[in-house]
Amino acid sequence: MAQVNSCTFSSGDSVLFSSQGGNYSTMLTLPSGGSAVGNEITYANVSGEVPIIAITSGYLIDTNAKSNVIIKGLTYNYIGTAASTNIGMIIKAGSNLQFKDIASNMGGYGYNIWSSSILSNVLFDNVNLISGTLSRSGINLTNANNSTITLQNSIINPGVSINGSIITVNNSTLSGVVTVSGSNVTITNVPSVAGISLANVNTGIIDNVTASLGAGFIFTDSSNITASNSSMTNSTDSGFAAYGASHDITYNNCTANDNFAQGFIAKDTSYNITYNNCRADNNKHIGFLASMSVNNITYWRSEASYNGTVDVIYDGAGFLPHNNATNVKCYYCIAHHNYTTGIGDVSTGTNIFYNNISWANGYAVGDIFNGNTVTTPSTRGNIYMSGGKSAGSVTIKNTISGAGKPREITNAANSAYTVLDYNLYYPLDENKFYSTDEVNNISWLTYHSTNELHSKNANPFFTNSSANIFTLQNTSPAINAGTDVGLTSDYAGNPKSGANWDIGAYEFQDSTAPTTTANINTGTYNNTQNITLTCDDSTGVGCDKTYYTIDGSDPTTSSTQYSIPIEISTTTTLKFFSQDKNGNSETIKSKTYTIDTTPPTITGVTNNQTYYVTQNPTFSDGTATLNGNAYTSGSDIFAVGDYTLIATDAVGNSSIINFSISKTKTITNTNQIPADYSAGAISIIGTDPTQTTQATFNANYTINTQNVSVIIPQETQMTKTGGGNLDLTQIISAETTADNLTSMDSIKAIKFGIPNLNLTFSKPITIDINVGDSYKGQTLTVLYQKENETTWNQETSCTVTGGICSFQTTHATKFAATKDKAVVPVIAPTTAPTSTITTVSNDDNHKSHKNHKAKKKSNTLTKKFKSAQKWLKKTEQTFTRNLSLGSRGQDVGLLQTVLQKMGLMKIKDTTYGVYLSTTQNAVSRLQEFKHIFQTGVFGWMTRGLFR
């Protein structure tokens, strides 16, 4: 080492030390320095070796006032045992000094690196300095004129003390206090520091510094300091302190926990100090204290909790201006579970508190505070004010205070000095709400009757106050209940969200628009619709107003406001939207309602009309049912019966037509024939019933006039053989006189047909002439007279039954029911016949045989009668009305069936459903069999046989 110390080296030389010969036991005194930056002389280790300078006393390395020197890769250790003032490395005057990758262990009392000279451009990079338990400092550069000192990537035990300007400490671990004075100080990314002391520093940056133990972060008479993302725990004093005339200091995201005194303190005459997003928890005294004559202290979005010491009732506040502190402002801050009070002011200054939360501060006997049981209760409250103040010196607005012990507010400063309003309180005991002396209380009702007229007493509905989450639920009464105090964003940095500011530290964030639904969707409807609009804001602050238009225009907040269901009676486009209480508006929605009240049109059939031919009605739209079954438009309907055709469109409009299909038709006036033509009972060639050549009867057709009944079978064609038009309106069916009749007595004459046309029929028609009961049982001769002739010709004969002479023919003209002039009429009895025994001149055997045959016939008829009765009962059919000549309908058909079952009439002689002479004769035989007066009328006595 002596040889090195005596040599002279040139700029750019490298002096390499080897560890092969053992430790160096003498001090390294640098013999030479380089000439400039880039031409330094380097004192370094041989690659891969670790040379060690080991000395028991004195300096280990002396830079010897050399400049432009690099010391790299050396290790120097103090191995003495006695306490001394040894210095591992002494740096004498010089510049451009670089200490890299070096290590030192002083082991005793002294400085690891020390200098009292003026230094510039000194770099400590990746140095590992251990000064021992008795060491003063790891690095101590005491001259105030040092310049550009950099310490980086190093481990220092215990700490550093540097004076000068442009001082940078970064990416290093220090176990002791960092003490700096001067200007342009930067300390970043330094963990495990016992604290930082800045004195008379002008312009400094502290970022990401983590400290524990020590005296905390102390700024004395310093200015323009920004401390960010740093924390102090277990300080022997306060966590962060600004003393003297320190000013223009900003704390960002700093934390002070578990410190012996305050979390953060501004004291003496400090001013212009701002705390942003800082937190003070579990400190022995006060979370944030502004004391003595400080001025213009601002707390932004900061939190203080669990500060204080159990049973010390005058300490343990969250935020507290003290003494003569003035212009203290607390914005969007939260104080909870502090021992004495959350927000307090015991200063004489003028201070304001806006949009804060003071929750569950103060403790009662038996409560547990920070693990200790309370024996001395708090006496103040969530909000505490005292001191000699001037009028209006404390303003508290937009603040939530609740769950405080022993009360919410203590105002020993006199209410005349305070301005409190637009706050929300939720006291544990409404009768212990307010005090002026820390002893007596008045209730909320008494207090509120003259104070804080805009404030509320209600549950704030925090998200979860038990977990100290003080954001607001959407049902909170604090939302939009505050007043504008000039702030722009809340605790979380969110802007105002709503018509008014919220009370508390958080603005309820609701940027989602509500959703409005209509109870009826777009569509086509067949009647007036009542539209109900329902607004849902889900987790938002709630719906405010809904606006709508029905003229197709887009609604605005000037449009009609929805209040009651909207009646839509014509085709309408409804547009609407809603706003919530925070002013969020949803996108305009649109619904179109088509009101269609026009039912489908049914053509081809008319309501309550009877038709006699196949019908094929059509409907204009929708679907249809026929007697309840699906019906296809235009399908044939041909079966006899009653029909209900219902056509329904897509929206439920319906048209209903009731009609019938019949194969029997009875008229009493021939002028109904044109109407029958239009209904289809009669079909004609051509389109005009007065101008045709042939008519077809599509039903069993009966024309009843006085004493004359003409029955034309279904599908009979009527044809004219004479000249002139076949004018259906000219058909005649009437009684007339039998002119030129000389050989016979005319009982009754009728005329039927159209004069001069000589009508003929493709099927035999039946003509019933009412000749009266006096000819009952007689056979009459029926004559006819051709058109425009005077002679009478024999048509046929008839046997009078029930006063009716019934016969069939195939042409139309005049007819007369006549009798031989020698025939004397037999008067029919007017009372029921009595049984008589007629004596016949035959022998007894013949008589016995005849009686036996009659008895056998009677027995057979009796059996058939009983069988018919059983059939009626089994089929649950009965007769409900009297029937007589000319009656028609299903009950006539039922009677004919019964008579056929009894053998009283034959199917081939029956016109089904029409009460003609054959049916009348059969009824007479039934009446004769049952000994009922033989009228031929199916009356009440005869009907009684089948009950």
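Two strands pair if DSSP finds at least two bridges between them. With that in hand, let's work through some exercises on this predicted model.

**Exercise 1. A pair of strands**

Task: Find the sense in which β49 and β52 pair, and name the residue that stands opposite Thr516.

Solution:
- Step 1. Locate the two strands: β49 covers residues 515–518 and β52 covers residues 533–536.
- Step 2. Look at how they run: β49 and β52 pair in the antiparallel sense, over four bridges.
- Step 3. Look across from Thr516: Cys535 in β52 stands opposite.
- Step 4. Now sort the residues of β49 by face. Thr516 and Ala518 make up the covered face, while Thr515 and Thr517 make up the uncovered one.

**Exercise 2. Cis peptide bonds**

Task: Work out where Pro158 and Pro406 lie, and which residue a cis peptide bond joins to each.

Solution:
- Step 1. Start with Pro158, which lies in the loop between β16 (155–157) and β17 (160–170).
- Step 2. Check the bond to Asn157: a cis peptide bond joins Asn157 and Pro158, with omega about 10 degrees.
- Step 3. Move on to Pro406, whose place is in the loop between β41 (400–402) and β42 (409–411).
- Step 4. Here a cis peptide bond joins Lys405 and Pro406, and omega is about 0 degrees.

**Exercise 3. Positive phi**

Task: For Asn126, give phi and say whether the residue is buried, partly exposed or exposed.

Solution:
- Step 1. Find Asn126 in the loop between β12 (119–125) and β13 (128–130).
- Step 2. Read the backbone angle: phi of Asn126 is near 60 degrees, a positive value in a residue other than glycine.
- Step 3. Asn126 has a relative accessible area of 40%, so Asn126 counts as partly exposed.

Task: Do the same for Met292.

Solution:
- Step 1. Met292 lies in the loop between β28 (288–290) and β29 (295–300).
- Step 2. Phi of Met292 is near 65 degrees, again a positive value in a residue other than glycine.
- Step 3. With a relative accessible area of 36%, Met292 is partly exposed.

**Exercise 4. The surroundings of Thr594**

Task: Describe where Thr594 is found and which residues Thr594 touches.

Solution:
- Step 1. Thr594 is found in strand β57, residues 589–595.
- Step 2. Its relative accessibility is 29%, so Thr594 counts as partly exposed.
- Step 3. Leaving aside residues up to four places away in sequence, Thr594 touches Gly523, Thr524, Tyr525 and Thr571.
- Step 4. Finally, take Ser197: Thr594 and Ser197 are 397 residues apart in sequence and 81 Å apart in space, C-alpha to C-alpha.

Definitions and conventions: Residues numbered from 1 in each chain as written. Predicted model: local features only at pLDDT ≥ 70, side-chain atom pairs only at ≥ 80, totals over all residues. Heavy atoms only, no water. Buried < 20%, exposed > 50% of the residue type's maximum accessible area, 1.4 Å probe, protein only. Contact = heavy atoms within 4.5 Å.
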